[in-house]
Amino acid sequence: MSAQAETRRLTAPDIRARKGGEPIVALTSYHAHTARLVDAYADVILVGDSLGMVMHGFESTVPVTLDMMILQGHAVMRGSRRALVVVDLPFGAYEESREAAFRSATRVLKETGCGAIKLEGGVRMAETIRFLTERSIPVMGHIGLTPQSILALGSFKAQGRDRADWPAILADARAVAEAGAFSIVVEAVAEPLGREITNAAPVPTIGIGASAACDGQILVLEDMLGLSPRVPKFVKRYGNLGPSIAQAIEAYAKEVRERTFPAPEHTYPERKPTT
Ligand code: KIV
């Protein structure tokens, strides 16, 4: 049996079972090469619709399409073997009706081979989440700051900074869990609220700008590697790849201009005729 066949991919039920247990490590990836690197350490790889901003330079995730998500989801599946791959349903692909959500989700699962989808929204999306989970589609919820609502929200700002706003956000968490989601991303909420949501939710919470008490954490890979020009307050930079990439490109440009690249070891010698 090959090494590839021996590696079992984590499933949505595996992640669901981690409530209150070993913290869940999650990161985004949109490409096969980064997926291979992330796969060695992460339990969950999210093909986030943040790819619209990170890969394509859009101002928000609103312009992202289902086809874009499927293309990158497929690439991440090819690059990974162990992590559960979750693909975001983009804005416009699921809000209209439960049936529209089902059609989008089944396209993503069939065409990428991933193990689950994620969608944004709490109480307002609970009926849709139930419709999907009752039809064998694993759903990761996403509450707190929901970036796809940027046009209605006006800005990307932290939620639940005032205690008066907590009941609605806690109700979102309960509704998503009761509807059958196997885990919930909790984005940009006041730290004590992130802790309270984690205590209240029967499924794992995966924090991004929430609380260290969450059952897991997620960051956008390019943000934590120091490749994104602007990052939210909740991002810790674990690397600073921007300057080393710039340095490598500068050295390449110099050597091309000086004709010192390619060197003999990077070229193919002529084959001598055999006598
Ligand atoms: O799109 C994304 O990358 C996300 C994470 C920030 C959770 O939804």
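**Exercise 1. Find which side-chain atoms sit at short distance from the ligand's oxygen atoms, starting with Asp88.**

Solution. This is a predicted model, so every distance here is computed from predicted atoms.

Step 1: Start at Asp88. An N or O atom of its side chain is 3.2 Å from an oxygen atom of the ligand.

Step 2: Move on to Asp49. Here the side chain has an N or O atom 3.0 Å from a ligand oxygen.

Step 3: Now try Lys118, which puts a polar side-chain atom 2.9 Å from an oxygen atom of the ligand.

Step 4: Check how covered the ligand is. On its own it has 260 Å² of accessible area, and the protein covers 95% of that.

**Exercise 2. List the residues that surround the ligand, and say how they divide into nonpolar, polar and charged.**

Solution. Step 1: Look around the ligand. You should pick up Thr28, Leu46, Gly48, Asp49, Ser50, Asp88, Lys118, His142, Val185, Ile208 and Val220.

Step 2: Sort them by type. The shell has four nonpolar, four polar and three charged residues.

Step 3: Put names to the groups. Asp49, Asp88 and Lys118 are in the shell, and Asp and Lys count as charged. Among the nonpolar ones is Leu46.

**Exercise 3. Work out what Lys118 pairs with, and which parts of the chain the pair ties together.**

Solution. Step 1: Recall the general idea. Side chains of opposite charge can pair when their charged atoms come close.

Step 2: Find the partner. Lys118 forms a salt bridge with Asp88, and their closest N and O atoms are 2.8 Å apart.

Step 3: Place both residues. Lys118 belongs to strand E4 (residues 116-118) and Asp88 to strand E3, so the salt bridge ties together parts that are 30 residues apart in sequence.

Step 4: Ask about burial. Both Lys118 and Asp88 are buried.

**Exercise 4. Describe the salt bridges of Asp43 and of Glu111, and say where each pair lies.**

Solution. Step 1: Get the overall count. The whole structure holds twelve salt bridges.

Step 2: Take Asp43. Its partner is Arg82, with the closest N and O atoms 3.4 Å apart. This pair links distant parts of the chain: Asp43 is in the loop between helix H3 (32-39) and strand E2 (44-47), while Arg82 is in the loop between H5 and strand E3 (84-88), 39 residues apart.

Step 3: Compare accessibility with the cut-off. Buried means under 20%. Asp43, at 7% relative accessibility, is therefore buried, whereas Arg82, at 30%, is partly exposed.

Step 4: Take Glu111. It forms a salt bridge with Arg107, the closest N and O atoms being 2.8 Å apart. The two are four residues apart in helix H6 (residues 98-112), so about one helical turn separates them.

Step 5: Check these two for exposure. Glu111 has a relative accessible area of 37% and counts as partly exposed; Arg107 is partly exposed too, at 32%.

Step 6: Look for shared partners. Salt bridges of this kind join Arg18, Asp43 and Arg82 into one network.

**Exercise 5. Decide whether Asp215 is buried or exposed, and find its polar partners.**

Solution. Step 1: Locate Asp215 in the loop between strand E7 (205-208) and strand E8 (216-219).

Step 2: Read off its relative accessible area, 7%, which means that Asp215 is buried.

Step 3: Trace the side chain. It makes a polar contact with the side chain of Lys19 at 2.8 Å. A polar atom of the Asp215 side chain also lies 2.9 Å from the backbone nitrogen of Thr205.

**Exercise 6. Contrast Phe58 with Ala173 by accessibility.**

Solution. Step 1: Find Phe58 in the loop between helix H4 (51-54) and helix H5 (66-79). At 32% relative accessibility, Phe58 is partly exposed.

Step 2: See what Phe58 joins. Together with Met53, Val54, Met55 and Phe156, Phe58 forms a nonpolar surface patch with about 370 Å² of accessible area.

Step 3: Now find Ala173, in helix H9 (residues 166-178). Its relative accessibility is 3%, so Ala173 counts as buried.

Step 4: Set these against the whole chain. Of its 275 residues, 48% count as buried.

Technical notes. Residues are numbered from 1 along each chain as its sequence is written. This is a predicted model: local features need pLDDT of at least 70, side-chain atom pairs count only at pLDDT 80 or more; totals for chains, interfaces and linings use all residues. Side-chain values use heavy atoms; hydrogens and water are left out. Patches are made of residues with over 30% relative accessible area and no salt bridge: like charges are joined within 9 Å, nonpolar side chains (Val, Leu, Ile, Met, Phe, Trp, Tyr) within 5 Å. Accessible areas come from the Shrake-Rupley method with a 1.4 Å probe; for residues, only the protein chains shown count as cover. A salt bridge is a side-chain nitrogen of Lys or Arg within 4 Å of a carboxyl oxygen of Asp or Glu. Buried means under 20% relative accessible area, exposed over 50%, partly exposed in between (1.4 Å probe, protein chains only). A residue is near a molecule or strand if one of its heavy atoms lies within 4 Å of it. A polar contact is a pair of N or O atoms within 3.5 Å; within protein, one must be able to donate a hydrogen and the other to accept it, and residues adjacent in sequence count only if both atoms are side-chain atoms.
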